[in-house]
Amino acid sequence: MSDTKEISSSNPLKRRKKFKVSDYTALFAIVVLLIVFSVLRPENFPTRTNMVTILRSISVTTVLASGLTFTMSIGGLDLSAGNMASMSGYFCASFILWYGMNQYLAIGLTIILTMMLTLITMFLIIKCHIPELLATCAMMFFLEGLGLTYAGGSAISQGLPRPSGKPAEGVFSNSFKAMGTSPTIIIIMIIVVIFAYVALNHTKYGRYIYAVGGNKTAAKLSGINIERYRLYTGMVAAAIIALAGVLVVARNTSAQVSGAASYQMPAMSAVFIGQSVLGVRKPNPFGTLVGATLVGILDNGLVMLSVPYYALNMIKGAVLGIALIAAYANTKTD
Amino acid sequence: MKLEVKNLSMEFPGVKALQNVDFEVETGEIRAVVGANGAGKSTLMKVLAGANPGYTGEIFIDGKPVEIRTPAQAKELGIEIVYQEVDTALIPTLSVAENIMMNYLISGMEKKVIVDWPKLKQEARESLSRLGLDIDVDTRVNQLPLAQKQMVLIARAVREHCNFLLLDEPTAPLSLSETQTLFEMIRRLMENEQICIIFISHRLQEITEICETLTVMRNGKIVDNRPITPEVTIQQIVETMLGRKYDDVFEHADHEVGEELFRVEDLSDTENKVHNVSFHIGKGEIVGIAGLVGAGKSELCKLLFGATKRSSGKIFYHGQELKIVNTTDAVKNGFSLVPEERRKEGVLVNETVEFNIVSACLGRLSTKLGFLRPKEQNRVALKYIELLGVKTPSEKQLVANLSGGNQQKVAVAKWLAAESDVYIFDEPTKGIDVGAKGEIFALIQKIASEGKCVIYVSCETQEILSITDRTYVMYSGRIQKELVTSRTNEEEITYYATGGTD
Ligand SMILES: Nc1ncnc2c1ncn2[C@@H]1O[C@H](COP(=O)(O)OP(=O)(O)OP(=O)(O)O)[C@@H](O)[C@H]1O
Ligand SMILES: [Mg+2]
């Protein structure tokens, strides 16, 4: 029993935890990128306006990635999140522009419709037992087509007539457009991250989600209804994804063709990078924010260096790869 | 051949798992290694098997210094191991044949590219029949019960010719008869091949039966080496192991058994593993389910708990029929199940000890809105760590880093903390040392004396005899016989467990 006494000594976690390079790689990479870009573009990069630009640009990624964080925490995967967000964008834009709906009502309705669409995904995963990767891959294509069909094959923006040829009378109000600009969009991002953090780390529901993500059988035998929690988690993710879609519309002041789909991969990268942050080793909202920041800075800096567009993704991929190597190379696989 | 270890140390963050250990074994002997949970037995074995490359110290074979930093090096030196954590060593989605022949597939095929399936299966079958086993080699490993998985692992290890065979708690999931088969095989192996077997077990009885010499470990050190002579008593071994006085006889505290609270009628499952089981439990009663491995005991537990589908039958508690279709219903109705396979079903190995212990009682440890109360959680976790003597440097340690027996204690603690009304313990003391077993028995008795119903499932007749009030013996999915524990004995239970009838 002498060994159990050790436990009560003060703050054993801090005492025990060794400094691990991999836990800080993502944060370190952010600092390095900030320095490198500042040195290379001293007059443009390290300015206040540019920092705000970066924050604004990572907002959408972070919000979408927060939705994915929920999904991935319970052991899921979602390839369709980007297209789902685009779909939400079409909904929201059309409600406001085509039907002149009150914007708050439009946003609420968008969230509800997105959740209803997500029920299809959940049906495929939970009832048909299709692996998440495959089910959401199918949804990805389906939603892309569905969105375009709904919008009549083009963007939905102010002044553009409806697919039926009838004029669209609605306009985006200033307060709606403000949602896509700083500081509102940044505040929304922060609220979403805090919400996700509290939900996953400080409520019992979060525990259940991580328990299911950690070991389905053990979770089930603990009396957790894993199907129900998969559904709940999917619904929470859907609401956040819908919000991301609305933010994209507010930023562009239109619902572009597949406007949010391009955020899918950056958001997923953000969650993956986030898993290594501070040694948490599972999807977590704070890590996701760090991951999204890393991706966002990289994007912004590379554009500023006027890297030709065709080489942009190559360099982004390479830098991300290196960051991930550093984060995962010396973690044990078991 | 002689395998010698000098001044061996192994350290993990916050834990000195081995401290300056000197150890030697020679071919031709069967060596027992015993010690309390977390004493460092598995760590020592893993060093010898090349799975703990971070050791310091020297290893010699026949006086020649060697390095064992990878499993491949160990294999080259003729060291084979059967790990304690069965499921980490098998590939669940591959067939039995592929798992047994894994070494051959990986390094035995040399230049060949095409797998000769008939030959592979034939050889796998032969390895199994050497152990006196009859398992279909085409079955996927994840469909086997734990005991058979264990046998597959042993079959794999003895297929290779080796000089040193390390068996880390191979008998933990086995019942008496399978253990005997294993021992016969070990004896045959010793006669034919003159190898050295290092054998770890918490069942000291079987150690005195098969081993010739004994090494006792305590807190990362070797505290005793001695030949096993008839004079060595189990009591002595336990006392060296624990480093304190130990009373061998477990006190069966007399507690009142009240009116019938829990009743099961005609329960069957859809998988055809449980047939028409009926039994009842009184208030404060500990009811045993005895039977051999594969008798359907674990299946019955899962069925009661709503984890598998029922095809017929009713469950009553307080005279009312309970609707249990899934595990959530079971928990809501105050059931708890300590499942058999801890790593797969019981604990979340990548979460902390605290996370695991509180995971079945979060409702009680959070506010109405569902917010967690960290202080409360911490208090509960520390309480059960203390109560069960879980050996861990901190409650924030990952369960994956605990020793096997301590992981099991966490699985038990999790359900004790849940404070249920009906407890189902499926082999709860598997891999738990003698000292801690006493504490768990005491806790179970305490639960019973609070008026709860306890179902205690075990393939160890001795345990059934010492803790239960009444026992049902299962045989091939049916209840063969109901016995009052105080009026029965090992022979009678075994008789019914092997299919005997009145
Ligand atoms: N990977 C690891 N990381 C940290 N600590 C570890 C690790 N592996 C083992 N330990 C610690 O080393 C000590 C010895 O563990 P070991 O597994 O050798 O015990 P054991 O004697 O086999 O016990 P048991 O009878 O429970 O199997 C334990 O305190 C355990 O917590
Ligand atoms: Mg061990």
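Trainee: How many residues does each chain bring to the contact?
Mentor: Chain B puts in 46 residues and chain A puts in 31 residues. Keep in mind that this is a predicted model.

Trainee: And how much area do they bury between them?
Mentor: About 3100 Å², with 58% of it on carbon and sulfur atoms. On the chain B side, B:Leu348, B:Phe355 and B:Leu372 lose the most area to chain A, and together they make up 16% of what that side buries.

Trainee: How many salt bridges are there between chain B and chain A?
Mentor: The count is one. In that salt bridge the side chain of B:Glu351 meets that of A:Lys282, at 2.9 Å from N to O.

Trainee: What about polar contacts across that interface?
Mentor: There are 12 residue pairs in polar contact, counting pairs with both residues at pLDDT 80 or more.

Trainee: Which elements of chain B give two or more residues to the side that touches chain A?
Mentor: On chain B these are helix H12 (327-332), H13, helix H14 (353-358), helix H15 (374-388) and helix H16 (404-417). By class, that side of chain B divides into 19 nonpolar, 16 polar and 11 charged residues.

Trainee: Switching topic, how many cavities of 30 Å³ or more does the structure hold?
Mentor: Seven. The largest cavity has a volume of about 180 Å³, and the second largest cavity has about 130 Å³.

Trainee: What lines the largest cavity?
Mentor: It has 16 lining residues, and B:Gln84, B:Glu85, B:Val86, B:Leu146 and B:Arg342 lie nearest its centre. Helix H3 (86-89), H7 and H13 of chain B each supply at least two residues of that lining, with the largest share, three residues, coming from H13(B). The lining divides into four nonpolar, three polar and nine charged residues.

Trainee: And the second largest cavity, which residues are closest to its centre?
Mentor: Those are B:Ala172, B:Arg203, B:Lys430, B:Gly431 and B:Glu460, out of 16 that line the second largest cavity. Its lining has three nonpolar, six polar and seven charged residues.

Trainee: Now pockets. How much space lies in the second largest one?
Mentor: About 1300 Å³. The second largest pocket is lined by 49 residues, and B:Gln143, B:Leu144, B:Pro145, B:Lys273 and B:Glu299 lie nearest its centre.

Trainee: Which helices supply at least two residues each to that lining?
Mentor: From chain A, helix H11 (216-221); from chain B, helix H7 (146-159), helix H8 (176-193), helix H11 (297-304) and helix H13 (342-346). The lining of this pocket has 17 nonpolar, 15 polar and 17 charged residues.

Methods
Residues numbered from 1 in each chain as written. Chains lettered and ligands numbered in written order. Predicted model: local features only at pLDDT ≥ 70, side-chain atom pairs only at ≥ 80, totals over all residues. Heavy atoms only, no water. 1 Å grid on protein atoms, 1.4 Å probe; cavity = no way out; pocket = protein on both sides within 12 Å on 5 of 7 lines; lining within 4 Å. Points joined across faces, edges and corners; volume = space filled by probe spheres on them. Helix = DSSP H or I, 4+ residues; strand = E, 2+ residues; numbered from the N terminus. Nonpolar A, V, L, I, M, F, W, Y, C, P; charged D, E, K, R; others polar. Contact = heavy atoms within 4.5 Å. Buried area = accessible area lost by both parts, 1.4 Å probe. Salt bridge = Lys/Arg side-chain N within 4 Å of Asp/Glu carboxyl O. Polar contact = N/O pair within 3.5 Å; in protein donor to acceptor, adjacent residues only side chain to side chain.
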